[in-house]
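Here is a short walk through a protein model, written for someone who likes to have the coordinates open alongside. Let's take it one region at a time.

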Amino acid sequence: MRARIFPDYEAMSAAAADAVARRVSEDPSSVLLLPTGTTPLGMYRRLVDLCRLGDVSFAEATFFNLDEYLGLLPDHPASYHVYMKEHFYGLIDADPARIFVPDGAALDPEAECERYEAAIKESGGVDVCVLGIGRNGHIGFNEPGAPFDSRTRVVTLSESTRLVNAADFEANRAPERAITVGMATIAESREVLLLASDTNKAKAVAAALEGEVSESMPASMLGHHPRATLFLDEDAASGLGQGVAG
Ligand code: F6R
């Protein structure tokens, strides 16, 4: 796993967008596995701009999302369906038939997880996975302790994750559970880009990059990945080289 450090959020986001756009231009039928959250917003903005300028087309690409809250209808304002439509899928030339987001409202969530994992497999597997990172090191909604051999499944969110995400919900209460793509599925992606910005990610970034590869720090799994790159702004990189990784 290597790290690229950029002066600020905009530079980090632009570099990540350019890396994704390059990959899709080389192979227009690329399969992408994508995150939500605050961090990738700048990357999505630039990808939308590049698409509008005609510099990249997503018409033949396939999209999977990493996760969705359990119990939310796809039109719930805090759902990742709505987030992706508003910030990316609804603004580019994507083919709706090749956009997949886990159905958090599925009557049988376990069956939905199996269906989702099978759809990833049928697509030929993930070419480029873009990740954010939680303050506790989670990737997707794989919280600390998530087995490295896990697949798409229903998970319980940690209290700290629910607190960070609470503001998106009425009464400040985030759902307790979610569907997430598993660690093994992420690890099998041919290329992984992990984006981090802000000092509140510095500790997790340092532990992921400089600490031991351990299920207690999910992002550290990328240490074993042949093509994983961390895209960091200076704030997110501020904990590196200080022996905090432990
Ligand atoms: C969201 C996801 C999460 C976020 C992480 C960071 O789809 O998979 O792992 O990437 O919680 O979120 P932000 O970017 O909001 O700090």
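## The largest pocket

In this predicted model, the lining of the largest pocket draws at least two residues from each of strand 4 (67-69), helix 3 (80-87) and helix 5 (159-165). The pocket has a volume of about 890 Å³, and 36 residues line it. If you would like a place to centre your view, Gly-37, Thr-38, Val-164, Asn-165 and Lys-201 are the lining residues that lie nearest the pocket's centre.

What is the make-up of the lining of the largest pocket in nonpolar, polar and charged residues? There are 15 nonpolar, 15 polar and 6 charged residues.

## Helix 3 and its cover

Helix 3, one of the contributors to that lining, also has buried residues: Tyr-80, Val-82, Tyr-83 and Met-84. Their cover includes strand 2 (31-34), helix 2 (41-52) and strand 3, together with strand 4 and helix 5.

## The sheet

Now for the sheet. Its 7 strands form an open, parallel-paired arrangement in the order 1-10-9-6-2-3-5. Strand 1 (2-6) and strand 5 (99-100) are at the edges with a single partner strand each, so one side of each has no neighbour in the sheet. Helix 4 (residues 109-122) packs on this sheet, where it touches strand 3 (62-65) and strand 5, and its direction makes about 150° with that of strand 3.

## Strand 10 and its partners

Strand 10 (residues 228-233) pairs in the parallel sense with strand 9 (residues 191-196) over 5 bridges. Leu-194 has Leu-230 of strand 10 as its bridge partner, while Ala-196 is matched with Leu-232. Strand 1 also runs parallel to strand 10, joined to it by 5 bridges, and here Phe-6 stands opposite Asp-233.

How many of the residues of strand 10 are buried? The count is 6 of 6. Ala-228, Leu-230 and Leu-232 point one way from the strand, and Thr-229, Phe-231 and Asp-233 point the other way. Both sets are buried, the charged-type side chain of Asp-233 included.

## An exposed lysine on helix 4

Is Lys-121 buried or exposed? This residue of helix 4 has a relative accessibility of 70%, and because the cut-off for exposed is over 50%, Lys-121 counts as exposed. Along the chain, Lys-121 and Thr-185 are 64 residues apart, yet their C-alpha atoms are separated by 9.2 Å.

Technical notes:
Residues are numbered from 1 along each chain as its sequence is written. This is a predicted model: local features need pLDDT of at least 70, side-chain atom pairs count only at pLDDT 80 or more; totals for chains, interfaces and linings use all residues. Side-chain values use heavy atoms; hydrogens and water are left out. Two strands pair if DSSP finds at least two bridges between them. Helices (H or I, at least four residues) and strands (E, at least two) are DSSP runs, numbered from the N terminus. Contact means heavy atoms within 4.5 Å. Axes are lines fitted to C-alpha atoms, for helices over the stretch in contact, and angles run from 0 to 180 degrees between N-to-C directions. On a 1 Å grid over the protein atoms alone, a cavity is a set of points where a 1.4 Å probe fits but cannot get out, and a pocket is an open set with protein on both sides within 12 Å along at least five of seven lines; lining residues have an atom within 4 Å of a point. Grid points are joined across faces, edges and corners, and a volume is the space filled by probe spheres set on the points. Buried means under 20% relative accessible area, exposed over 50%, partly exposed in between (1.4 Å probe, protein chains only).
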